[in-house]
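Please find below a short note on the structure, set out as numbered points for a reader who has not yet examined it.

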Amino acid sequence: MSDGQSIKDIAQKLDNNEQMVSTWIGFLKYNRFIEEKEDAEENSIKLTISGIGRTWMRRYEFALR
């Protein structure tokens, strides 16, 4: 997601399971961990990690140490 991938791009890496990816992305969006950005060039929506999402990623990485 940090590369600004679409749901279809992510699903392709996970056995094309768009339902599972959509459910997980819904959870991440609900908790404001990710944001949707419109890509005018490709006429699509890309997903990016929000500031809140980056904070939680850092906390998780710190906890693993």
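1. The largest nonpolar core of this predicted model consists of seven residues: Ile 10, Ala 11, Val 21, Ile 25, Leu 28, Ile 34 and Leu 47. Two elements, α1 (7–13) and α2 (18–30), each give two or more residues to this core. Helix α2 provides the largest share, namely three residues. As general background, nonpolar side chains tend to be buried together in soluble globular proteins.

2. One member of this core, Ala 11, may be followed further. When neighbours within four places in sequence are set aside, Ala 11 is in contact with Asn 16, Asn 17, Glu 18 and Val 21. Of these partners, Val 21 is itself listed in the core.

3. The largest pocket encloses about 190 Å³ of space. Its lining comprises 10 residues, and those nearest the centre of the pocket are Leu 28, Phe 33, Ile 34, Gly 53 and Met 57. Helices α2 and α3 each supply at least two residues of that lining. Leu 28 and Ile 34 thus deserve a second look: both appear among the lining residues nearest the pocket centre, and both belong to the largest nonpolar core.

4. How many salt bridges does the structure hold? There are two. In one, Lys 29 pairs with Glu 36, with the closest N and O atoms 2.6 Å apart. In the other, Glu 35 pairs with Lys 37, and the closest N and O atoms are 3.7 Å apart. In general terms, side chains of opposite charge can pair when their charged atoms come close.

5. Are the residues of these salt bridges buried, exposed or partly exposed? Lys 29 has a relative accessibility of 35% and therefore counts as partly exposed. Its partner Glu 36, at 41%, is also placed in the partly exposed class. For the second pair, Glu 35 is partly exposed at 36% relative accessibility, and Lys 37 is partly exposed with a relative accessible area of 42%.

6. Confidence in the model should be considered alongside these points. The chain has an average pLDDT of 87, and 97% of the residues score at least 70. Among the elements of the chain, helix α3 (residues 51–64) has the highest mean pLDDT, 93, whereas strand β2 (residues 44–49) has the lowest, 83. As a general caution, predicted coordinates should not be read in detail where pLDDT is low.

Terms used. Residues numbered from 1 in each chain as written. Predicted model: local features only at pLDDT ≥ 70, side-chain atom pairs only at ≥ 80, totals over all residues. Heavy atoms only, no water. pLDDT = per-residue confidence, 0-100. Helix = DSSP H or I, 4+ residues; strand = E, 2+ residues; numbered from the N terminus. Salt bridge = Lys/Arg side-chain N within 4 Å of Asp/Glu carboxyl O. Buried < 20%, exposed > 50% of the residue type's maximum accessible area, 1.4 Å probe, protein only. Core = buried A, V, L, I, M, F, W, Y, C linked by side-chain atoms within 4.5 Å. Contact = heavy atoms within 4.5 Å. 1 Å grid on protein atoms, 1.4 Å probe; cavity = no way out; pocket = protein on both sides within 12 Å on 5 of 7 lines; lining within 4 Å. Points joined across faces, edges and corners; volume = space filled by probe spheres on them.
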